[in-house]
Amino acid sequence: MRRVFLLLPILILLMASCELYYEEPVQTGTVHIVSIGITYENEPDGHDYLGDLPGTVFDARELSDALSQQAMRAGWDSTDIEVTLLLQEGTDHTQKTFDDLGYASRNHLENTLATIAGVATADDLTIITYSGHGIEGTGELLMAHTQTSGPVDISEDSPIVVTPEWLHARISPIKGKKLLILDSCYSGVFVPESPSSSSWVYDNGIDDWYGKYFSDEEYQIPSFVVFTASADSDSYEIQFGDHNHGVFTSALLAALGWNHTTKKIANGAPPAAQNELLSIDSLYKYIKKHQAFPVRWSLFTIGENVQHPMITGGAMDMVLFSY
Amino acid sequence: MKGKRLYLIVLLILVTAGLPAASGEQYYAASSSLSYYLGIPHFEDEIPARSSLAVSTTVGFLGYQGSNWETVLQAHIYSVSDSLPFGNYRARGFNSLGLSILASWSLSDRFSLFIQGGSEVNFYKQIEEVFASFSFKLGPQFLIAEEPTYQMHLIVPLSVHLRKEITALQAGIGIRYLLFPFKRGDT
C-alpha cells in the first residue's frame, strides 16, 4: 500500500510538467479562408422558389475580412493569408456569370477545396464559411444554380445540393486544422456525432450516455471542427444598420471585434478571447450569450424565434488564434 | 429498457446501503477537496498529458460507522477546469454529478484509509454535451477534531477518473466532516 502511495504522486509529478518541458507547437503555415454567400435572387424566368437572402453576401465578405484581420493580429503575415470569395449576388443568370471563378456554384467550391487540398500542409489553417439556404430536415446546403432558364432543380440529385457527406469528403483530405462555419437552416446535421459524448440539445437519455462509454467507437482529436448557426431548426437574418446579416454571423462578427462602419477589427484581443486565446469554445460561448435571438425555448421567450448554435463535441477544444 | 435497469440498480444500492443505517451509528457526511487533475489521453495528442484543476464536493446521506470501519453512500459533484492551453488544443472543462460508495478502515485512533468507487455523468461547461464515467479514489484520512456529535478529518485523496477517451489521475487535499444525528453509543 505504501508503494502505491509513493508511486502515484511521483507519476503525477513527472507527467505534470508536460506543459513545461514540451516545446509548444507554433502554427506557421498558410491560412486559407473560403467564404461563400448566396442571395438566390437570380432564379430564371421570374421564379422565386428559393427565398432571397440579402444578408449572405455581407456575411461572406465581412467574415472573411474579420478572420483574415484576426489572423494578422495573431501574427500571420498578410502574404500567408489566402482569401477566396465564392459569391452569388444580383439577378444575373447568364452563362458568363456562371463561368466566373468567383461564382458560388458547387463546381467552383469543389475546385477551390481540391486546390487547397493540393497545397495545404499540417501547419495550415483552413476556414470555410457558408451563408445560404439549408434544406428543411436534411440541412443540405444549396449552392448557386447554373441554369439559364426554367425552375431551379433542388432535388436530392441536383448539382447544387451539398450533403454533409459530400462536403466532409472534400474537406477531410485538407491537411492542418479545418474549421467549417455554416450559417444556414438545419445546419446542425453537419456536426458529426462525438464518439465519446452525447449532445443534450437533442433528446438523449442516461442509458445512451453509458451506452456510448461502452461502445467500440474511438475518439480522435478533431482536426476538422464544424460550427453551425442552428441545430435542427430554422436560422434567421436580421437588419444590421444599412444591410442584413445572419443572426449567427452578426454575433460571430461581434465576437471577432468587427466594426461594421470602419470594416476593421477592434484593437487588442477580440471580445470572445479568453486569456489572450481565441478558441472555438470561446467563440461559441460568446455567441450564445450575445446572439440577438434566444438559443433555447423558455417561458420568457414565448413567441420569439429560437436559434441554437452547434459545435463539434468531444473532449478537446480547438485553439484558433492566440495573441 | 436499459434505463429502467439502471434505475433499478441505483434503487437497490440505496436500499442496501440504508439497511445498516437503521440499526446502529448512522451518520451524514460532507467533504470537499481540491486536486490537481492530470488527463492522460487515449488518443494521439500534442503532449502525453494535460493539466487541469478539480474541485470535488460530496454529500453522504446514508453512513454507518462500526468500531474500526465505516461506509457511506454519497452524492458527489466535481468541477474540472479547462486544461492549461498548449499548442492547438486544450481539454474542455466539465461539471459532474454522480453517486459513490466510500468505505474506510481505522489503523489507529487518528489515522484511517479510505476507498471510494462511483460513477457520474459529466457536463462540459462550454458546450451542451454529456458523457458518463467511473471514478475511484483512495487515500489516508487523519482525524483532526472529534466531539460526540461530529468528526472532522483531513484527507489526501488520490483518484482515477475513467473516461472513454481520457484516464485522469488526481492528487489533492481536502476536509471530511461526519455528523452523527444520534449521539454515538445511543441506540
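Two strands are taken as paired if DSSP finds at least two bridges between them. The views below show a predicted model.

**Pairing of strand 1 of chain B with strand 2 and strand 10 of chain B.** Strand 1 and strand 2 of chain B run antiparallel and are joined by 13 bridges. Within this pairing, B:Tyr27 faces B:Gly63 of strand 2 of chain B. Strand 1 of chain B also pairs with strand 10 of chain B, again in the antiparallel sense, over 14 bridges. Here B:Ser35 has B:Gly172, in strand 10 of chain B, as its bridge partner. Strands of a sheet are held to one another by backbone hydrogen bonds, in either a parallel or an antiparallel arrangement.

**A sheet of 3 strands drawn from chain A and chain B.** The open sheet follows the order 13(A)-15(A)-4(B), and its pairing is antiparallel. Strand 13 (277–279) of chain A and strand 4 (89–91) of chain B are the edge strands; each has a single partner strand, so one side of each has no neighbour in the sheet. From one strand to the next, the twist averages 45 degrees. Strand 15 (residues 316–322) of chain A pairs with strand 4 of chain B through 3 bridges, in the antiparallel sense. One residue to locate in this view is A:Met316, which stands opposite B:Ala91 in strand 4 of chain B. Helix 9 (residues 280–290) of chain A lies across strand 13 and strand 15 of chain A, and runs at about 80 degrees to strand 13 of chain A.

**The interface between chain A and chain B.** In this interface, 52 residues of chain B are in contact with 57 residues of chain A. The two chains bury about 5,000 Å² between them, with 65% of that area on carbon and sulfur atoms. B:Tyr89, B:Glu128 and B:Lys164 supply 17% of the area that chain B buries against chain A, more than any other three residues.

**Polar and charged contacts across the interface.** Between chain B and chain A there are 3 salt bridges. In one salt bridge, the side chain of A:Asp281 meets that of B:Arg92, at 2.7 Å from N to O. Across the interface, 26 residue pairs are in polar contact, with both residues at pLDDT 80 or more. Among the elements that give two or more residues to the side of chain B that touches chain A are helix 1 (2–21), strand 6 (111–124), strand 7 (129–147) and strand 9 (158–162) of chain B. Strand 7 of chain B gives the largest share of this side, 9 residues. The residues of this side of chain B comprise 30 nonpolar, 9 polar and 13 charged.

**Strand 7 of chain A paired with strand 7 of chain B.** Strand 7 (residues 198–199) of chain A and strand 7 of chain B are joined by 2 bridges and run antiparallel. A:Ser198 has B:Val130, in strand 7 of chain B, as its bridge partner.

**A salt bridge within chain A.** Over all chains, the count comes to 11 salt bridges. One of them links A:Glu62 and A:Lys263, whose closest N and O atoms are 3.2 Å apart. A:Glu62 belongs to helix 3 (residues 56–73) of chain A, whereas A:Lys263 is in the loop between strand 11 (258–259) and strand 12 (264–265) of chain A, so the pair ties together parts that are 201 residues apart in sequence.

**The sheet of 6 strands in chain A.** This open sheet has the strand order 2-1-3-6-8-14, with mixed pairing. Strand 2 (81–88) and strand 14 (310–311) of chain A are its edge strands, each pairing on one side only. Strand 3 (residues 125–131) and strand 6 (residues 177–183) of chain A run parallel and are joined by 7 bridges. In this pairing, A:Thr129 stands opposite A:Ile181 of strand 6 of chain A. Helix 5 (residues 106–119) of chain A packs on the sheet and touches strand 1 (31–38), strand 2 and strand 3 of chain A. The direction of helix 5 makes about 175 degrees with that of strand 1 of chain A.

Definitions and conventions:
Residues numbered from 1 in each chain as written. Chains lettered and ligands numbered in written order. Predicted model: local features only at pLDDT ≥ 70, side-chain atom pairs only at ≥ 80, totals over all residues. Heavy atoms only, no water. Helix = DSSP H or I, 4+ residues; strand = E, 2+ residues; numbered from the N terminus. Axes fitted to C-alpha atoms, helices over the stretch in contact; angles between N-to-C directions. Contact = heavy atoms within 4.5 Å. Buried area = accessible area lost by both parts, 1.4 Å probe. Salt bridge = Lys/Arg side-chain N within 4 Å of Asp/Glu carboxyl O. Polar contact = N/O pair within 3.5 Å; in protein donor to acceptor, adjacent residues only side chain to side chain. Nonpolar A, V, L, I, M, F, W, Y, C, P; charged D, E, K, R; others polar.
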